[in-house]
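Me: Please take me through this model and justify the terms used for its ligand site and its domains.

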Amino acid sequence: MTGPSDLAAPADVTAGATADVAARATAGFRSRYAAEPAGRWAAPGRVNLIGEHTDYNDGYVLPFALPLRTVVAAATREDESWTVCSELDDDPVEFGPDAADEPGRVTGWAAYVAGVVWALRDAGYAVPGARLAIASDVPLGSGLSSSAALEAAVLAALVDLGGLDLPAEKQPRLAQRAENRYVGAPTGIMDQSAAIRCRAGHALFLDCRDESVEHIPFDLDDAGLAVLVVDSRAPHRHADGEYAARRRSCERAAAALGVPALRDVAVADLDAALDRLPDDETRRRVRHVVTEDQRVLDTAALLRAGRVREIGPLLTASHASMRDDFEITVPEIDTAVEAALAAGSLGARMTGGGFGGCVLALVDAGRADAVADAVRDAYAERGFTAPGTVTVLPAAGATRLG
Ligand code: GLA
């Protein structure tokens, strides 16, 4: 997996990137195992257009897949064990059923692979033993869901190699279990759903309660627009602990309000609900989630109507809500959003779990370079490490490459 320097300069990342990373995965397989892989499976990173920290509140999200992908080259083996190597690590990791069946036994990047094997076995599937080699263009630790891309690519490979009866719409929940239970990260269902279910040229409108989806056309070229992604390069500060704390706070608030999840609080009832909560911090957390769900619904409605330019203010309002009410932004992120807006973006917001990661800005296509320059200048003025920038188009979810 490559570092965030991949987001070094504004560039359109195209399907060509997939060909390159697939070749690297194949080369890794050949050199490690002195054999040919039976196939290659790819899954993308994602950005979330809008709907942050709504997924674990049973709410709505609207991510799209990036043209940056993780590729797994793989083949079955006779015995029931798994060997996995990565272009980022000289040492392969090997584990058998004992380690696969005990969450936490395999650690580091290979835990995502072992977690998928665990989740499949735990659900009763006969997982074939396999050799796997991984290569990726999804930057690590930048909030673009490199972990979900890895889980989704490994899952696609094992399902195909084993002929397992596990349709794509059931795969996100299984990959999420791998991350929640084996790796131990209490994330929602958004990232795995995006990695598996997205379609090229579309945003994925997902109801996280029943997992129903709608693929909404998101044709940036047609609208003369671009999405600029800015890697803030901010070091993740306490991201795991703060994420878990936000989740607990939401769950406590739902219990206090007597609803199954915060999704069940309608915007029209928000003020009355806030009056029933014990403290200001909890009130702000709830206000973020409830208004964010509404912003997702409003954004989806505008996209359905082909009014893409008009979603900008909703993106910017989402950012303000994350900054002021949910308190998950950091100075680098706020600087990038402010500079992007000042340079003429139609809207801008942090994307992902927060405390670092990426910002996305909706810009007129011809302005992408100027906005990227403005963000870099603002960073330089404040003495921050230079950000990475790239323009992206909505890409496809997990797939077999051949
Ligand atoms: C991370 C998690 C997701 C989601 C987002 C915030 O990306 O993995 O499940 O909660 O944060 O929207």
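The exchange below sets values against definitions.

Reply: This is a predicted model, in which local features need pLDDT of at least 70 and side-chain atom pairs count only at pLDDT 80 or more, whereas totals for chains, interfaces and linings use all residues. Residues are numbered from 1 along each chain as its sequence is written, and side-chain values use heavy atoms, with hydrogens and water left out.

Me: What makes a residue near the ligand, and how many residues surround the ligand?

Reply: A residue is near if one of its heavy atoms lies within 4 Å of the molecule; 13 residues surround the ligand, and the closest are Glu52, His53, Asp55, Asp191 and Tyr243.

Me: Why is the pair formed by the side chain of Arg46 and an oxygen atom of the ligand called a polar contact?

Reply: A polar contact with the ligand is a pair of N or O atoms within 3.5 Å, and an N or O atom in the Arg46 side chain is 3.0 Å from a ligand oxygen, so the pair qualifies. A backbone N or O atom of His53, at 2.7 Å from a ligand oxygen, therefore qualifies too.

Me: Which domains does the domain assignment give?

Reply: The bounds come from an automatic or database domain assignment, which gives domain 1 (14–217) and domain 2 (220–392). Contact means heavy atoms within 4.5 Å, and the contact takes 34 residues from domain 1 and 41 residues from domain 2. The C-alpha centres of domain 1 and domain 2 lie 25 Å apart, and the shell around the ligand draws at least three residues from each domain.

Technical notes:
Polar contact = N/O pair within 3.5 Å; in protein donor to acceptor, adjacent residues only side chain to side chain.
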